[in-house]
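Let's take a walk through this structure together. Have the sequence and the 3D view ready, and we will begin with one helix and what surrounds it.

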Amino acid sequence: MFLLSRMSADEVHTVTMKDILGDEELHEAYAVLAGSDPDNCSYPQGYVKRQAIFACNTCTPRGIEPAGLCLACTNHCHDGHDIFELYTKRNFRCDCGNGKFGEFKCQLNPDKDRQNIKNQYNHNFHGCYCTCDRPYPDTEDQVNEDMIQCIICEDWYHPRHLACVVEDSDELQEMVCETCMNKAPFLWTYAAHFADPPMVNVSPCKEEVEVNVQEDEEPFKKRTDEPCNNGDEGSSTSPSYHKQVGRSACKRTYLEMTGRPVKSPVKTVFCRLRELKTQGVERTREGAVFWPYHWRAKLCTCISCKRAYVEAGVQFLLDESDTVLAYENRGIIEEGSASFDSLLMSGLSALDRVQQLEIVYQFNEMQTELMAFLRQIADEGKVVTAEAIHQFFGELMSKKRRQMNS
């Protein structure tokens, strides 16, 4: 972090870039935008694994088929429009100027298909969120609280509508809403072991476990030690034997006749999900679930479980680069020396001490006016648009010119 020392007659005050920006929200916003290209439409890249996505209420208002825009098209094609910021979306392709926009064409990449059939949309694209289907910010909502995004459906929820107690945590977490948990019900088993809050142990009786083990082992022991007696008591023609082997108990393969052990197919493949189920730990299947950040690494990757992920539409949970944090980190790394702090430090290093202090004084003055401007918009329940920001800095430059002329 770049440090500047602001000196006065009474004290020396250390100013960091975080102090100048006011709070961490601006840094988080920068991290989100840094992972997307602000100048080139992302459409040629196809369905991007994750990128910042926006919706234009001017071009596709409620009642019109929803559409999503990449960062570059938001800046260049929809400047001055009523824009909804949707944070990031996975596997999305920019819709700007396609068939959903009528005669409106994308300025950056006008040659696009009429629709992107693999894009997934929800009510966020019309500025509504949560199970309450309300806008954000909501001028009629008396409760001022941050919303939380589900990592599966990527909708945003008020904590009070998650049907669970939401506790403050210093650790980074991911949330899965109750609806998505039920769409992938096997996640409840993992939640009982790895998610918050602590679960209740309801282990099965010992005898039941022993019987299950015998069902796997006993038939194979009988068919190698006992002769076939066509259904007499104690033979290997029990229902459990037919279920596991799937053929007549009187017929044996060459390997069986030579006495070589035959392993159960079930035991040749390790399944973490099956192992967790045998431990008998359960949790109530209701409410959203909060997971520690690295919980995905604990998911089973056997063939059977991978099929289940695909059927539930959550195969991306096995992709470590799918997370929002991975996207943000990738953007910051790609920006490298072009990051905000680095650019400012590079520019200030070329100035003498007096010029550096003058820059900091003016930056602090601009920050105060900008924060007051943003608070006013927030109090009025409006959304910050590119047009409003341009107007703010235009007025700021005019004020600066008047001061210099005077």
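This is a predicted model, and a good place to start is the surroundings of helix 5. Its buried residues are covered by, among others, helix 4 (178-183), helix 10 (272-278) and helix 11 (303-312). Two strands also belong to that cover, namely strand 11 (281-282) and strand 12 (289-292).

How much of helix 5 is buried? The helix spans residues 187-194, and 6 of its 8 residues are buried, so "mostly covered" is a fair description, with buried meaning under 20% relative accessible area. If you would like to find them in your viewer, the buried residues are Leu 187, Trp 188, Thr 189, Tyr 190, Ala 191 and Ala 192.

Now step back to the chain as a whole. It is built with 15 helices and 12 strands. Of its 406 residues, 36% are buried. Looking at contacts between residues at least 6 apart in sequence, you will find that 68% join residues at least 24 apart.

Let's turn to the outside. The chain exposes about 24600 Å², and carbon and sulfur atoms supply 52% of that area. On the surface there is also a patch of negative charge, where Glu 167, Asp 168, Asp 170, Glu 171 and Asp 196 gather.

Take Glu 167 as a guide to this patch. You can find Glu 167 in the loop that runs between strand 8 (156-157) and strand 9 (173-176). Is Glu 167 buried or exposed? Its relative accessibility is 62%, which is why Glu 167 counts as exposed.

Key:
Residues are numbered from 1 along each chain as its sequence is written. This is a predicted model: local features need pLDDT of at least 70, side-chain atom pairs count only at pLDDT 80 or more; totals for chains, interfaces and linings use all residues. Side-chain values use heavy atoms; hydrogens and water are left out. Helices (H or I, at least four residues) and strands (E, at least two) are DSSP runs, numbered from the N terminus. Buried means under 20% relative accessible area, exposed over 50%, partly exposed in between (1.4 Å probe, protein chains only). Contact means heavy atoms within 4.5 Å. Accessible areas come from the Shrake-Rupley method with a 1.4 Å probe; for residues, only the protein chains shown count as cover. Patches are made of residues with over 30% relative accessible area and no salt bridge: like charges are joined within 9 Å, nonpolar side chains (Val, Leu, Ile, Met, Phe, Trp, Tyr) within 5 Å. A salt bridge is a side-chain nitrogen of Lys or Arg within 4 Å of a carboxyl oxygen of Asp or Glu. Lys and Arg count as positive and Asp and Glu as negative; His and the chain ends are not counted. The place of a charge is taken as NZ of Lys, CZ of Arg, CG of Asp or CD of Glu.
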